[in-house]
Amino acid sequence: MPIRFTLRQLEYFVAAGECGSIAAASQKLNVSSPSISSAITQLETELGIPLFVRQRAQGLKMTEAGRTLTGQALLILNQATELTRMAATVSNTVQGPLRLGCLVSFAQIVVSGLRRSFEAQYPDVHMSQVELTQNEIFAALRRAEVDLALSYDLNLPPDLEFHLVKELPPFALLAPEHPLAICDSVTVHDLAAYPMVLLDLPISSDYFLSFFTRAGLRPVISERTRDMAVMRSLVANGFGYSIANFLPLNDLAPDGKPLKFVPIVGGVPPIAMGVLGVPGATSSSTHAAFVEHCRAELI
């Protein structure tokens with residue numbers, strides 16, 4: 001009797017193996033833990049072999065058979081993704097699933113609106129999203145866990161293609177009572193004397209700190225956080241200024257306190273935001289349409 005399995009079962013199996021637990025895979029895929037556990041159990045039953053050793057205190061440990069199957073599972077998933085791209089190209093229609101990754105620093109500002117407007121324009125497209133750091137985006141694209149990703153043009157590897165959407169100049173976030181909040185613009189020399197709340201995300205933080213390095217300055221970093229919302233609240237409560245490139249939709253921190261946004265001038269470079277994908281990804285009509293949609297919406 002032929003063995004039968006679904007792509008979803010393989011996807012859940014690979015995610016559980018990479019994460020080391022059902023709970024972590026559930027969070028990564030935004031799928032319930034029982035659904036992932038059931039899919040893996042069904043796959044093991046169909047294959048007639050155990051893929052994991054369940055360890056209550058230590059999560060999942062992959063068996064030798066599971067490790068052997070992982071390589072073939074990834075190959076099948078990648079081939080299925082490529083088949084979907086080819087089908088969309090041949091049919092020249094905008095349809096099917098679109099898995100979108102987004103840089104965590106601005107995902108909360110842009111992704112939901114982009115998804116809603118794109119699906120409204122193309123009702124045969126069904127999008128899903130995941131928020132990632134820059135390095136996580138690179139890995140997810142290479143493993144075909146996402147189809148495209150919204151990101152910055154920072155430290156991009158040569159095996160991925162970047163499609164420019166817009167350039168974003170930097171600005172300083174300040175509490176209204178900050179001495180620099182009355183300025184129309186500031187320079188890094190103005191900022192260097194004051195405490196800084198650094199948005200401490202991989203690669204992004206290097207970009208912000210490079211402003212000072214090029215000017216021969218060293219910022220006074222008083223706080224570090226990897227969360228954009230926490231950074232805005234720290235600034236609004238007077239713990240220091242911060243730097244960002246994506247303007248929030250309003251001038252309030254998450255706790256309701258006001259913020260001021262002041263452009264940074266004096267030779268600091270803007271950052272390029274765009275859509276990142278594997279080479280040839282935009283040969284798909286759906287993917288190409290999404291890139292153009294981003295350019296139209298994110299003006």
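**Close-up 1. Glu292 and Arg295 form a salt bridge in helix α10.** At 44% relative accessibility, Glu292 is partly exposed (buried is under 20% relative accessible area, exposed is over 50%, and partly exposed is in between, with a 1.4 Å probe and protein chains only). Arg295, at 33%, is partly exposed too. The closest N and O atoms of the pair are 2.6 Å apart; a salt bridge here is a side-chain nitrogen of Lys or Arg within 4 Å of a carboxyl oxygen of Asp or Glu. Glu292 and Arg295 are 3 residues apart in helix α10 (residues 285–297), about one helical turn. Helices (H or I, at least four residues) and strands (E, at least two) are DSSP runs, numbered from the N terminus. The model is predicted: local features need pLDDT of at least 70 and side-chain atom pairs count only at pLDDT 80 or more, while totals for chains, interfaces and linings use all residues. Residues are numbered from 1 along each chain as its sequence is written, and side-chain values use heavy atoms, with hydrogens and water left out.

**Close-up 2. A salt bridge joins Asp159 and Arg142.** The N to O distance is 2.8 Å. Asp159 lies in the loop between β5 (148–152) and β6 (161–168), and Arg142 lies in helix α6 (residues 134–142), so the salt bridge ties together parts that are 17 residues apart in sequence. Asp159 has a relative accessible area of 33% and is partly exposed. Arg142 is also partly exposed, at 45%.

**Close-up 3. Glu145 and Arg143 belong to a network of salt bridges.** The closest N and O atoms of Glu145 and Arg143 are 2.8 Å apart. Glu18 and Lys28 are linked into the network as well. Glu145 is partly exposed at 24% relative accessibility, and Arg143 is partly exposed at 32%. In the model, the count of salt bridges comes to 11.

**Close-up 4. Strands β8 and β9 pair in the parallel sense.** Strand β8 covers residues 195–199 and strand β9 covers residues 220–225. The two are joined over 5 bridges; strands count as paired if DSSP finds at least two bridges between them. Pro195 stands opposite Val220 in β9. Of the 5 residues of β8, 4 are buried. Together with helix α8 (residues 204–214), the two strands make a right-handed β-α-β unit. Right-handed means that, with the strands pointing away from the viewer, the path from the first strand over the helix to the second runs clockwise.
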